[in-house]
Amino acid sequence: MSLADLTLARWRSFGPHTVRRVAQEAAALVEGRVTLVETVEHLGAPLHRVRIERDAQEFALIPGGPVTVGFDPDAWQPAPGQTADYAQSAEQGYGYGPDLRTHLAWTLSPRRSAEVPTVLMAVRDENLTGPPAGTAAALAARGLRMPTPEEWEHACGAGAGTLFHWGDHCPLDRVPYGDATGPHTRPNAFGLRIAYDTYRTELTSDVTAVHGGDGGESVCGGYGHLLAWLPLATANRNPSTAEFAYGPEGEDLYDTFSTRPVLAL
């Protein structure tokens, strides 16, 4: 089997021997070495985690194939506490629209189908070393590239259709910044450190979207508890933050943005 045919469903069906063989094959393709092979439970079934190190940077193996990404607010049922928390924020003039579903439709990417390749994706995002416009070229010089939005969302959610990569709910008695025990502090299903800090702002190949955070805007602005967590939503794309990042002001603050390098197989 070629790695190009490695779908998420097929990956989950493999036994330990096959998983290790595929891990070694992927490592050999990039002249790296396997540093971790383990199996965790995700969505009620086993999911394998593989890490490969190359040039002192760790990457996670992300199976590809046909995937569903994005979020459909109309098909989602918010908890009463989430609705009430957003209503309080809206009363203070925060949020996009009069209700939570309207806000989510503005800030999250729509539900959609996509085809993504099997890749190695950096376990941790890395700060930009120059203006966003030059990021793709800087990564290419290292044999890497930026992820597409679909690759980023697939890697973050790992097949889950929930609001966050850990589920549909978040603590509403505190904001994520400074919370060392919240669900965002744990690695996601693929073992990535992703959507973990609202002060992070990850860029992909799409200049109209950012991911994994909003540069701390919602926390600093005192928007409310739910609005402080939503930048960590898997489908978060925050177009206003993206416009800032790629605008004149963003060029001077490039070291506050990051990206998550992809190593093609």
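Which strands does helix α6 lie across? Let's take that one straight away: in this predicted model, α6, made of residues 149-157, lies across β1, β3, β6 and β11. Its direction is about 80° to β6, the strand at residues 119-122.

Those strands belong to an open sheet, so let's walk through it. The sheet has five strands in the order β1-β2-β3-β6-β11, and the pairing is antiparallel. At the edges you'll find β1 (33-42) and β11 (262-264); each has a single partner strand, so one side of each is left without a neighbour in the sheet. If you look along the sheet, neighbouring strands are turned by 30° against each other on average, ignoring direction.

Strands in a sheet pair through backbone hydrogen bonds, and they can do so in parallel or antiparallel fashion. Here, β1 and β2 (residues 45-54) go for the antiparallel sense, with nine bridges between them. For a spot to click on, try Val 34, whose bridge partner in β2 is Ile 52.

Another helix to look at is α2, residues 16-29. This helix lies across β1, β2 and β3 (57-62), and runs at about 140° to β1.

Now for the space inside. There is one cavity of 30 Å³ or more, and the largest cavity has a volume of about 30 Å³. Its lining is made up of Ile 62, Val 116, Pro 117, Val 119, Met 121, Glu 151 and His 154. Two elements, β6 and α6, each give two or more residues to that lining, which brings us back to the helix we started with. Sorted by class, the lining has five nonpolar residues, one polar and one charged.

How values were computed. Residues are numbered from 1 along each chain as its sequence is written. This is a predicted model: local features need pLDDT of at least 70, side-chain atom pairs count only at pLDDT 80 or more; totals for chains, interfaces and linings use all residues. Side-chain values use heavy atoms; hydrogens and water are left out. Two strands pair if DSSP finds at least two bridges between them. Helices (H or I, at least four residues) and strands (E, at least two) are DSSP runs, numbered from the N terminus. Axes are lines fitted to C-alpha atoms, for helices over the stretch in contact, and angles run from 0 to 180 degrees between N-to-C directions. Contact means heavy atoms within 4.5 Å. On a 1 Å grid over the protein atoms alone, a cavity is a set of points where a 1.4 Å probe fits but cannot get out, and a pocket is an open set with protein on both sides within 12 Å along at least five of seven lines; lining residues have an atom within 4 Å of a point. Grid points are joined across faces, edges and corners, and a volume is the space filled by probe spheres set on the points. Ala, Val, Leu, Ile, Met, Phe, Trp, Tyr, Cys and Pro count as nonpolar, Asp, Glu, Lys and Arg as charged, and the others, Gly among them, as polar.
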